[in-house]
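Reader: I'm new to looking at protein structures. Could you walk me through this one, a question at a time?

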Amino acid sequence: MVRYFFDIRDGSELYPDEEGLEFRDQKAAQVEAVHTLAGLARDAAESESPHDVAIEVRSDDGPVFHAALIFTAKAKH
């Protein structure tokens, strides 16, 4: 089992994960990151000022992967 840390980037703010979660492999950590990102993206899209959200996943050995929603919108008509 490997402990993965899911740092949340919400706009320009970074919220480090101090505890982490243990998973049997990287694929399981990726599934968790996608589920978490979906919830963050839903909240960001419903806010008054939608913004980018990301999860930066690391282990004790360093960065592992990055999952992000980049929010761009055309001007309102």
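**A walk through the model**

Author: Sure, let's begin with burial: of the 77 residues in the protein, 30% are buried. Keep in mind that this is a predicted model.

Reader: Okay, so in what order do the elements run from the N terminus on?

Author: Let's start with what there is to put in order: one helix and five strands. Three strands come before the helix and two after it, so to speak, when you read the pattern from the N terminus on: β-β-β-α-β-β.

Reader: Which element gives the most residues to the largest nonpolar core?

Author: That core has 15 residues, and Tyr4, Phe6, Phe23, Ala29, Ala33, Ile55 and Val57 are the ones with the most contacts inside it. Two or more residues come from each of β1 (2–10), α1, β4 (53–59) and β5. The top giver, with six residues, is α1.

Reader: Why would side chains like that end up together?

Author: There's a general trend behind it. In soluble globular proteins, nonpolar side chains tend to be buried together.

Reader: Now for charges. How many salt bridges are there, by the count?

Author: The cut-off to know is that a side-chain nitrogen of Lys or Arg must be within 4 Å of a carboxyl oxygen of Asp or Glu. Glu22 and Arg3 meet that, with their closest N and O atoms 3.5 Å apart. Arg58 and Asp7 do too, at 2.7 Å from N to O, and so do Arg9 and Glu56. By this rule the count comes to three.

Reader: How many residues apart in sequence are Arg58 and Asp7?

Author: Look at where the partners of this salt bridge sit. Arg58 is in strand β4 and Asp7 is in strand β1, so the pair ties together parts of the chain whose separation in sequence is 51 residues.

Reader: Is Asp7 buried or exposed?

Author: Buried means under 20% relative accessible area. Its partner Arg58, at 27%, counts as partly exposed. Asp7 has a relative accessibility of 7%, so Asp7 counts as buried.

Reader: What about Arg9 and Glu56: which strands does that pair link?

Author: Their side chains meet in a salt bridge at 2.7 Å, N to O. Both are partly exposed, Arg9 at 28% and Glu56 at 22%. They lie 47 residues apart, and the strands they link are β1 and β4.

Reader: And where in the chain does Glu22 sit, the partner of Arg3?

Author: Glu22 is partly exposed at 43%, and Arg3 is partly exposed at 33%. The two are 19 residues apart, with Arg3 in strand β1 and Glu22 in strand β3 (residues 21–23).

Reader: Which residues form the negative surface patch, and is Glu46 buried or exposed?

Author: The patch is formed by Asp10, Glu13, Asp43 and Glu46. Glu46 lies in helix α1 (residues 26–46). Exposed means over 50% relative accessible area; Glu46 has 63%, so Glu46 is exposed.

Reader: Last one: what distance separates the C-alpha atoms of Gly62 and Phe5?

Author: Gly62 lies in strand β5 (residues 62–69), and with a relative accessible area of 19% it is buried. Phe5 is 57 residues away along the chain, yet the C-alpha atoms of the two are separated by 9.7 Å.

Note on methods:
Residues numbered from 1 in each chain as written. Predicted model: local features only at pLDDT ≥ 70, side-chain atom pairs only at ≥ 80, totals over all residues. Heavy atoms only, no water. Patch = residues over 30% accessible without salt bridge, like charges linked within 9 Å, V, L, I, M, F, W, Y side chains within 5 Å. Areas by Shrake-Rupley, 256 points an atom, 1.4 Å probe, with all protein chains shown as cover. Lys, Arg positive; Asp, Glu negative; His and termini not counted. Charge placed at Lys NZ, Arg CZ, Asp CG, Glu CD. Helix = DSSP H or I, 4+ residues; strand = E, 2+ residues; numbered from the N terminus. Buried < 20%, exposed > 50% of the residue type's maximum accessible area, 1.4 Å probe, protein only. Core = buried A, V, L, I, M, F, W, Y, C linked by side-chain atoms within 4.5 Å.
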